[in-house]
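Visitor: I have a few questions about why features in a structure get the labels they do. Could you walk me through some of them?
Guide: Gladly, let's look at it together.

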Amino acid sequence: MLKVPHTPISSADLLLWKQDRYLSVLVGKLQDVGLLSLDIFDTLLFRTCANPSDVFIQIAEQAHQRDCLKASVTPAAFKEMRIRAEYKARERQAARTGFGEVTLELIYDEMPESIVSRDKLVQLEVEIEAEVCYLNPHVASLLYACKKEQIPVALLSDMYLSSDRIRQILASAGLDLSSVDTLLVSSEEHEGKSSGHLFARLKELYPQIDASAIVHIGDNVAADVEGAAKAGVRGLHYPVVPEHFDSLHHWEFVRHGDVLPEWKSLRKLAAATDLTIGYGEKERMLYQFGSDVIGPFLHTLCEWVLDICVQEGITCVNPLMREAYLLAPMLEHAAQLRGVELQIKPVYVSRQATFMAGLERFGEAELAYLLGIHGLKMGELFEVLDIGVEEEQLKAYLAEPIEACRHISGDSGQTIFDLLRSYLLSDSVQRKLLASIERHRQLFVGYLRQEFGAPERLVTVDIGFQGTIQGALEKIVSLAGLQPQMTHLLAVGTNRLDELRLHGMDIRSMLRSGSGGSEAGKRIARTPAFLEELMMGGFGSTLRYVEEESGRMIPVQAQLHRTDEEYAGKQACQKGAIAFQSYYTYLLLQKEGRLTRASKQLEEWSKPLHRVLVMPKPEEARTLGDLTHQDNFCTEYIAPICGVVAEEWYLAGPEAFLNSCNYAPSVLNVNWPQGMATRRFPYYLYHYYLRFGDSFGSQAMIFDTILRVKKDGIRSLILYGTGTFAEQVLKTAWFHGLQIPYWIDPAAGAGATPWGRFSYLTLEQARAISVESGSGAPAFLIATLSELEAYPNQILKAFEDVRVVPKLYQLRP
């Protein structure tokens with residue numbers, strides 16, 4: 001199984017920061033840093049909630065319990081009140097003093113005392129912030145490493161909390177405050193980072209340090225990079241927490257809403273450890289996929305198994321190979337992290353390895369089953385049956401697919417296929433088959449006794465789904481004269497498990513597919529191929545067992561046909577999955593029981609994998625779909641997970657294609673319908689769920705427009721529109737990585753004060769800039785659902801007397 005050292009995550013590890021893909025740019029350069037400056041929230045401190053404003057929900061819930069918030073004010077209503085109160089406080093402060101920085105007290109002054117107890121709410125907010133915040137071990141590791149090198153450390157924050165309250169939160173998160181030399185907060189300095197003021201103030205405090213030797217790290221480009229640059233300070237962007245369009249967390253939100261909000265920042269942090277040393281882009285993508293998707297799902301399975309082991313006194317479990325290559329070390333790691341003594345001993349087994357050993361006889365039904373296997377060659381059939389071929393006519397056709405033998409005539413006039421059937425059902429061959437069955441059973445049971453002592457008491461762990469191998473195991477030990485007392489634990493189980501239970505098997509599943517099952521269970525059972533492939537090592541399935549001269553039974557494994565590139569990608573994914581476990585444990589310990597274990601939220605922890613299956617990103621569909629699946633049951637069948645289908649299946653569009661995937665494999669054999677659809681129609685499923693989640697509102701129209709802009713290769717536009725809808729379009733453009741340097745707002749004019757990274761212009765000023773710069777035709781993003789003719793005409797009229805024809809992007813269905 002995979003051998004990966006399990007290193008606990010600790011901010012006291014002075015090398016940990018070097019594993020962070022964003023911080024690692026400072027490796028070997030600390031000697032050039034005269035002062036380290038850090039942003040606090042979403043950089044040094046992370047939160048156990050999806051968005052900072054979600055803290056207000058928790059405040060309201062606690063306030064109701066303490067009777068300091070009117071009962072009629074729901075948590076959602078309080079959240080909106082709190083957001084509006086801060087906005088009004090900033091407006092009032094700016095009008096009164098000329099600067100918009102406020103304190104927490106000023107924010108709560110905007111709320112009526114008849115609804116809230118202001119003093120109590122101020123204190124409660126600080127308490128809740130301390131509860132949800134935790135130390136980012138990467139940035140804290142860098143902080144401590146700098147202190148060891150006697151590099152001073154400053155913390156800078158655009159925040160309404162006082163420096164004393166921030167120190168309280170930092171101490172609660174476990175930061176050694178003696179390692180912090182300076183703390184500057186906008187609410188006390190009356191100005192923020194974006195203007196450069198806080199950085200100028202920092203330079204005043206350290207006049208002996210040249211600005212070029214100061215490195216500031218933060219998550220906000222405008223504040224932490226551009227604001228730093230205004231003071232001559234080097235800003236290093238730390239985008240672990242901020243969302244963007246290509247983030248899988250955004251795609252999860254579109255499909256499921258907030259997924260695992262308490263763990264969201266932790267998952268992002270684990271994914272940021274891809275480090276890239278020796279990895280290419282594909283390997284980095286798969287590492288992050290392992291830490292963000294595969295790791296959470298498999299760790300949940302491990303936690304569920306551990307819960308059962310603790311409850312039932314189980315001390316040894318037996319995950320099934322080949323998936324045990326990753327699952328076994330993850331189970332081992334999970335047990336160590338939880339302090340559970342558990343032996344992990346994999347079983348080398350497969351459908352083929354149990355086929356002959358599990359038979360009582362070989363008759364018509366068994367023969368029909370084997371002859372129906374697609375692509376099975378005659379020689380492969382005899383290899384599985386483990387008998388020689390004495391019929392001379394058959395020897396000439398051992399390399400032929402059995403299906404082809406239906407159309408080849410032998411010497412007697414009957415087809416080779418019919419000759420094969422008659423031969424295998426003849427009395428003499430039947431005796432050979434019975435001997436082969438007995439031999440395979442003895443070898444297999446001998447292997448089980450040798451490795452596990454009491455094979456009738458195995459506790460197997462597997463991904464699932466039908467319980468085929470588990471049923472074969474019990475039948476084999478039963479035919480060997482033993483009484484099965486096994487327990488079988490599956491990640492996902494189909495309805496067939498109910499039938500197995502009726503036969504007395506103790507077989508359980510973490511998720512159920514089929515009738516009464518969950519959406520996640522149904523989808524994982526329908527499309528398990530890339531999950532299984534990403535869990536496997538560099539060896540094939542177990543084919544059979546042989547006895548060495550020493551008497552030792554060993555499994556014989558099939559050769560695995562993989563490119564080095566594909567194997568490297570799988571290794572990267574597996575390392576990411578195991579890395580996730582260490583970060584999971586770090587946060588669980590940090591929060592000291594305030595977070596719910598994964599095994600108590602099985603459906604929620606399955607959503608990241610479910611999202612990939614039903615709504616993959618184009619990059620995921622390409623990378624995962626290119627993985628090959630090798631089925632070693634009787635024949636060596638290798639094919640990409642997303643194979644090639646005839647063009648005609650796509651002609652009617654993505655919806656028709658997905659419907660066609662419900663046909664039987666003999667008609668259209670598609671393993672991963674959503675992956676195939678995404679490879680051909682990259683954003684169909686995203687668009688579908690975006691519309692659905694927005695109740696068929698305007699978001700899909702905005703997305704379509706942004707997509708047209710990106711397809712045209714345009715990266716910078718002028719926004720034309722007014723009101724909250726134009727602001728929504730602006731933020732969506734930013735979210736997609738587009739630049740909006742100018743906003744023409746007919747209601748605001750050029751004299752308005754911008755609140756973001758843009759400048760207000762008039763249409764005439766935009767025209768003048770375009771003409772003077774000679775940069776060619778400007779592109780306009782028209783943000784309106786009402787002025788569909790007026791706005792475009794105004795823009796075109798402004799440019800009609802110059803040789804520049806602006807490019808207009810309007811929202812349209």
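Visitor: What volume does the largest cavity have?
Guide: About 70 Å³. Please keep in mind that this is a predicted model. The search of the whole structure finds 2 cavities of 30 Å³ or more.

Visitor: Which residues line the largest cavity?
Guide: Its lining is made of Q352, A353, M356, E383, V384, H440, L543 and R544. A residue counts as lining if it has an atom within 4 Å of a cavity point. Helix 14 (351-355), helix 16 (378-385) and strand 14 (542-547) each supply at least two residues of that lining. By class, there are 4 nonpolar, 2 polar and 2 charged residues in the lining.

Visitor: And what lines the second largest cavity?
Guide: That cavity holds about 30 Å³ of space, and H249, E252, F253, G257, D258, V259, K264 and R267 line it. Helix 10 gives the largest share of the lining, 3 residues, and helix 10 and helix 11 each supply at least two. The classes here are 2 nonpolar, 2 polar and 4 charged residues.

Visitor: Why is the pair of W263 and W605 called edge-to-face?
Guide: Two cut-offs settle it. Ring centres must lie within 6.5 Å to pair, and planes over 60 degrees apart count as edge-to-face. For W263 and W605 the values are 5.4 Å centre to centre and 65 degrees between the planes, so the pair passes on both counts.

Visitor: What makes this pair a tie between distant parts of the sequence?
Guide: W263 lies in the loop between helix 10 (248-256) and helix 11 (264-271), while W605 is in helix 26 (residues 602-614), so the pair ties together parts that are 342 residues apart in sequence. As for accessibility, W263 and W605 are both buried, a label that stands for under 20% relative accessible area.

Visitor: How many aromatic pairs are there by this rule?
Guide: The count comes to 38. There is also an aromatic cluster, formed by F245, W251, Y683, Y686 and F703.

Visitor: How do you know that the charged end of R82 sits over the ring of Y160?
Guide: The CZ atom of Arg has to be within 6 Å of the ring centre and within 35 degrees of the ring normal. The charged end of R82 is 4.8 Å from the centre of the Y160 ring, so the distance fits the cut-off.

Visitor: What distance goes with R406 and the ring of F417?
Guide: There the charged end of R406 sits over the ring, 3.9 Å from the centre, so the 6 Å limit is met again.

Terms used
Residues are numbered from 1 along each chain as its sequence is written. This is a predicted model: local features need pLDDT of at least 70, side-chain atom pairs count only at pLDDT 80 or more; totals for chains, interfaces and linings use all residues. Side-chain values use heavy atoms; hydrogens and water are left out. Rings of Phe, Tyr and Trp (its six-membered ring) pair if their centres lie within 6.5 Å; planes under 30 degrees apart count as stacked, over 60 as edge-to-face and the rest as tilted. Helices (H or I, at least four residues) and strands (E, at least two) are DSSP runs, numbered from the N terminus. Buried means under 20% relative accessible area, exposed over 50%, partly exposed in between (1.4 Å probe, protein chains only). On a 1 Å grid over the protein atoms alone, a cavity is a set of points where a 1.4 Å probe fits but cannot get out, and a pocket is an open set with protein on both sides within 12 Å along at least five of seven lines; lining residues have an atom within 4 Å of a point. Grid points are joined across faces, edges and corners, and a volume is the space filled by probe spheres set on the points. Ala, Val, Leu, Ile, Met, Phe, Trp, Tyr, Cys and Pro count as nonpolar, Asp, Glu, Lys and Arg as charged, and the others, Gly among them, as polar.
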